[in-house]
Amino acid sequence: MTFLKRFSPFAAYRDLRFFLATRKRHELVFMVLALALTLLILWAFVKDSHFETPYERNIIYVEQWPITRTDAQIKAQQKIDQAKKHIQQAELKKKREARQAEFKRLDDKLESWGF
């Protein structure tokens, strides 16, 4: 227990006060600036690490088919599904081409600046 007697908040405060009293004014100013800059950087990391993720519902619907459906019904549904798939692929292709055009314009601007 004698080892823990050395640890006292009052003694620590007294030692800190003694240490700061022996420092020159410019050393204290730079110490405060260093502490402020360090705390600012830590605060920025904490602030930046917290962000709200948008809620996105991802619902997958399952179609149930009767067991008695015929091959003709299956093929007809496949044609309908294939047409929907082609439309989706065309929309995706159009979006990709628009995005590529945006990057191409940006690349052309950067090349004109010499990058």
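E102 is partly exposed, with a relative accessible area of 41%, where buried means under 20% relative accessible area, exposed over 50% and partly exposed in between, with a 1.4 Å probe and protein chains only. The model that carries this residue is predicted, so local features need pLDDT of at least 70 and side-chain atom pairs count only at pLDDT 80 or more, while totals for chains, interfaces and linings use all residues. Residues are numbered from 1 along each chain as its sequence is written, and side-chain values use heavy atoms, with hydrogens and water left out.

The partner of E102 is R99, and the two form a salt bridge in which the closest N and O atoms are 3.7 Å apart; a salt bridge here is a side-chain nitrogen of Lys or Arg within 4 Å of a carboxyl oxygen of Asp or Glu. R99 also counts as partly exposed, at 48% relative accessibility. Both R99 and E102 lie in helix α3, where they are 3 residues apart, about one turn of the helix. Helices are DSSP runs of H or I with at least four residues, strands are runs of E with at least two, and both are numbered from the N terminus.

Further along α3, D108 forms a salt bridge with K104, the closest N and O atoms being 3.3 Å apart. Because D108 and K104 are 4 residues apart in helix α3, about one helical turn separates them. D108 counts as partly exposed at 35% relative accessibility, and K104 counts as partly exposed at 48%.

The helix that holds these two pairs, α3, covers residues 71-113, and its 43 residues reach 62 Å from the first C-alpha to the last, close to the 63 Å expected at 1.5 Å a residue. The expected span of a helix is taken as 1.5 Å times one less than its number of residues. Just after α3, G114 takes a positive phi of about 95°. Q78 also has its place in helix α3, and at 49% relative accessibility Q78 counts as partly exposed.

From Q78 one can look across to E27, which is found in helix α2. The C-alpha atoms of Q78 and E27 are separated by 79 Å, although the two residues are 51 residues apart along the chain. A related pair is E27 and Q82, which are 55 residues apart in sequence and 75 Å apart in space, C-alpha to C-alpha. The side chain of E27 meets that of R23 in a salt bridge, with 3.8 Å from N to O. E27 counts as partly exposed at 33% relative accessibility, and R23 counts as partly exposed at 34%. In total, the structure holds 3 salt bridges.

Helix α2, residues 25-49, also contains L37. L37, L40, I41, W43 and F45 form a nonpolar patch on the surface, with about 570 Å² of accessible area together. Patches are made of residues with over 30% relative accessible area and no salt bridge, like charges being joined within 9 Å and nonpolar side chains (Val, Leu, Ile, Met, Phe, Trp, Tyr) within 5 Å; accessible areas come from the Shrake-Rupley method with a 1.4 Å probe, and for residues only the protein chains shown count as cover.

Another tryptophan, W65, has R69 lying over its face, at 4.4 Å from the ring centre. A charge sits over a ring if NZ of Lys or CZ of Arg is within 6 Å of the ring centre and within 35 degrees of the ring normal.

Towards the N terminus, helix α1 comprises residues 9-21 and includes P9. The 13 residues of α1 reach 18 Å from the first C-alpha to the last, close to the 18 Å expected at 1.5 Å a residue. Of these 13 residues the number buried is 1, so α1 lies largely in the open. P9 itself is exposed, with a relative accessible area of 65%. P9 and I59 are 50 residues apart in sequence, and their C-alpha atoms are 58 Å apart in space.
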